Amino acid sequence: MQAEPSNRPYEECGVVGIWGAPGAAGLAALGLHALQHRGQEAAGIVSHDESRFYQRKGLGLVGDVFGDPRDIAQLPGDCAIGHNRYATTGATLLRNVQPLFADFEFGGLAVAHNGNLTNAQTLRQALVKRGCIFQSTTDTEVFVHLIAISLYSTVKERLIDAAKQVKGAYSVVCLDQDTLIGLRDPLGVRPLVLGKLAEGGWMLASETCALEIVGAEFVRDVEPGELVVIDKSGVTSCRPFKNTASRFCVFEYIYFSRPDSQVEGRSVYQARKQIGVELAKESPIPADVIVPVPDSGVPSAMGYAAESKLPFEMGIIRNHYVGRTFIEPTDQIRHLGVRMKHSANHSVLAGKRVVLVDDSIVRGTTSRKIVDMVRAAGATEVHMRISSPPTKHPCFYGIDTPEESKLLAATHSVEEMAKVIGVDSLAFISFDGLYRALNHVNRSEASHRYCDACFTSDYPVELVDREGRLIA
Ligand code: AMP
């Protein structure tokens, strides 16, 4: 058996939980389908009926893993949790696919997690020394072992005990034979919402778009540091951590969440559009047409076009039948992926001064290809406007970003980036503009409420493993 690469997977994920609804696994699969943008590498569901747990996990999209009606029929019961996974490094192994399920002293428990723990390696080493045998390389298994060795008696107390030892970003859903539990880390970096199913029963999900697909009513966000327990008596809640100001991930607004989702009571779509408005105010340019890089640039390009009173046109057409170019493993394939995914709409671009709007530049690969394509289609000028500040630092809290040296903005000034990408001008939204778009007065009033470490390197949760490695 080959040893797995030591670099741990950073996970972007989607989670769902269903309690008290016949055909729970089917509802969970629909929820995962709506959350497919949060992870495309693998999917899994664990269900529970009156007698036992059932699980199905597989590599690929939700439709691949649960495409056959028999797949869901094998997961009976009124309760289920599910997970979509996308990890960038480390081998893609079935044993890393969540939910993780284990038999404990108190019975079975399934756990699924979105986010990333920053002390997982440190805890893991300590647990291995104590004799714990790990089956996977995911951070989530640290939770499983901490729950197993906890001296508390109830699942809830054991989970709290585990949560007090981990650091990082985690929105967790757990299912035992009686209860569905949801927990958000004290800073609430990743989202988690509570919904009510029309036929009775409850739902937890990473985003409201997963509630929509099954017709569940949005009840509220699970709050940062809140633990909700759903059982026969309904929903109860407790706050096991001491009160700290929350730091929601601003990149969920910029790119990660689906535009039809509501996060923190705000529409992601409207937020993105407003960022486009602010971007046009800050960085206008004489042009003929505003073109989004689809899909991620569409709402902000609409805002930019409206504010600058220029026509919005689909000058680039996206083929939806290929996965995200970003997830392809080598630069060569990533280049090819861009061509497979986007093509130029000559009728819109030829002879025009074009403003391209996208949400972010990470490595710069996508932008460079797209700019080449737009020029080849006859654009006379190509300007680029980005609805986030420059991405200069990696995320350690669950959004996949490459190491710092591969981030174009970490090693290049904006002018240099413009040259690399091949545009006539390049501008990013300012922090003040970004936070104004999110209804704050300015950056200083807002940035301590968000995690924007990928732009600022202000990491709100201690990077225990990383600091340990640096010292070693
Ligand atoms: P790049 O070619 O590396 O500059 O990729 C930038 C593109 O990837 C942007 O257009 C974004 O829409 C998208 N993107 C940004 N962050 C992520 C992420 N964490 N995962 C997947 N795609 C991303």
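**View 1. Polar contacts of the ligand.** In this predicted model, a nitrogen atom of the ligand lies 2.8 Å from an N or O atom in the side chain of Tyr255, a polar contact being a pair of N or O atoms within 3.5 Å. An oxygen atom of the ligand is placed 3.0 Å from a polar side-chain atom of Ser296, and an oxygen atom of the ligand is also found 2.7 Å from a polar backbone atom of Arg363. Of the 500 Å² of accessible area that the ligand has on its own, the protein covers 96%, with areas taken from the Shrake-Rupley method and a 1.4 Å probe.

**View 2. The shell around the ligand.** The ligand is surrounded by 17 residues, each with a heavy atom within 4 Å of it, and the closest are Asp358, Asp359, Arg363, Gly364 and Thr366. By class, six residues of the shell are nonpolar, five polar and six charged, with Gly counted as polar and Asp, Glu, Lys and Arg as charged. Helix H8 (250–256) and helix H13 (365–376) each contribute at least two residues to this shell, helices being DSSP runs (H or I) of at least four residues, numbered from the N terminus.

**View 3. The two domains.** The chain is divided into domain 1 (10–246) and domain 2 (267–443), with bounds from an automatic or database domain assignment. The C-alpha centres of domain 1 and domain 2 are 33 Å apart.

**Notes.** Residues are numbered from 1 along each chain as its sequence is written, and side-chain values use heavy atoms, leaving out hydrogens and water. Local features need pLDDT (the predictor's confidence in each residue, from 0 to 100) of at least 70, side-chain atom pairs count only at pLDDT 80 or more, and totals for chains, interfaces and linings use all residues.

Notes
A polar contact is a pair of N or O atoms within 3.5 Å; within protein, one must be able to donate a hydrogen and the other to accept it, and residues adjacent in sequence count only if both atoms are side-chain atoms.
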